[in-house]
Amino acid sequence: MCGRTACTLGPEAVSKACEYKDKRGQRKRPQWRDGDAENYRPSYNKSPQSNSPVLLSMKHFQKDADSSERVLAAMRWGLIPSWFTESDPSKMQYSTNNCRSDTMCEKTLYKASVIPETTHRYEDTKDGPDGGGQRLLTMAGLFDCWDPPAGGRDPLYSYTIITVDSSKSMNWIHDRMPAILDGDEEIQKWLDFGEVPAKEALKLIQPIENITYHPVSTITFISLLCRFTSFAAMEPALSASSKNMLAWLQNKSPKKEEPEGVKPPAKLSQLAFSPKKTSAGLMHQWLKKEGEPSPKRPRK
């Protein structure tokens, strides 16, 4: 369903935007897991298999941590389950970018909050992390950790985005939409698996009307260009192959020049013959006569 996201904030800005209140009511800023800030790259055009910031409970990494404490991690979009037996994650035969809410309970995975876009805004109150500014759009997700069977490389953390039936305001675009966690209270209930029962957390997975949308350029669907940070704010230094790709996409096919003295072939509309009476042709004739009075059949 969902094939592109965007997160344009740098690692420090993402951490700042994810501030939350701990159990004592004090504001805390989640830190990045060791080395993960370097594995995340901001982009207006993030495709599957790229790394995105994911918010989750610290207890997944530190068993003695409180389940309400949060940490940021850079995870691969497109879930590779722990039971995957191939040595190369690209050999995964199934599409795991999204996970339907009606089947997610059949899977043994862990809850996370995916941060794809900075589109929702706080009003000028003290509710925001710094008294105003942007609030991240957070989506409910599931993650897992895959260890290569042969070893020799670090474990791979990856995630999938949970989808639900579209809300009334969105179903004209698509019949599915991401499960969005609206506000810090919902994020806390989704992430804090030590305090919030699973049945209670699952009540959050439902369509939401409190969302707006806007068109984006079709160039975002070119996965070759996903490495560039912004299409609106900068002109990327394209390689020769990328320039050829863009030229091919943006230009119309060149017209074929005919040799001198050779006439181009006549169009079908210029040929003097009766078209074959196919069902499509009969339908076309019927449509042309629509609105005209039906001819009376002569009486025998």
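This passage describes salt bridges in a predicted model, with attention to the residues that form them and their exposure.

Side chains of opposite charge can pair when their charged atoms come close. In the predicted structure, the count of such salt bridges comes to 11. Among them are pairings that join glutamate 19, arginine 27 and arginine 29, which are linked in a network of salt bridges. Within this network, the closest N and O atoms of glutamate 19 and arginine 27 lie 3.5 Å apart, whereas those of arginine 29 and glutamate 19 lie 2.7 Å apart. The pair of arginine 29 and glutamate 19 links distant parts of the chain, 10 residues apart, since arginine 29 belongs to the loop between strand S3 (27-28) and strand S4 (31-32), while glutamate 19 belongs to the loop between helix H1 (11-17) and strand S2 (20-21).

The members of the network were also examined for exposure. Glutamate 19 has a relative accessibility of 14% and therefore counts as buried, the cut-off for that class being under 20%. Arginine 27, with a relative accessible area of 40%, is partly exposed, and arginine 29 is likewise partly exposed, with a relative accessible area of 37%.

A further salt bridge is found between the side chains of glutamate 185 and lysine 189, with an N to O distance of 3.7 Å. These residues are separated by about one helical turn, because glutamate 185 and lysine 189 are 4 residues apart in helix H3 (residues 184-191). Glutamate 185 counts as exposed, at 55% relative accessibility, whereas lysine 189 counts as partly exposed, at 26%.

Key
Residues are numbered from 1 along each chain as its sequence is written. This is a predicted model: local features need pLDDT of at least 70, side-chain atom pairs count only at pLDDT 80 or more; totals for chains, interfaces and linings use all residues. Side-chain values use heavy atoms; hydrogens and water are left out. A salt bridge is a side-chain nitrogen of Lys or Arg within 4 Å of a carboxyl oxygen of Asp or Glu. Buried means under 20% relative accessible area, exposed over 50%, partly exposed in between (1.4 Å probe, protein chains only). Helices (H or I, at least four residues) and strands (E, at least two) are DSSP runs, numbered from the N terminus.
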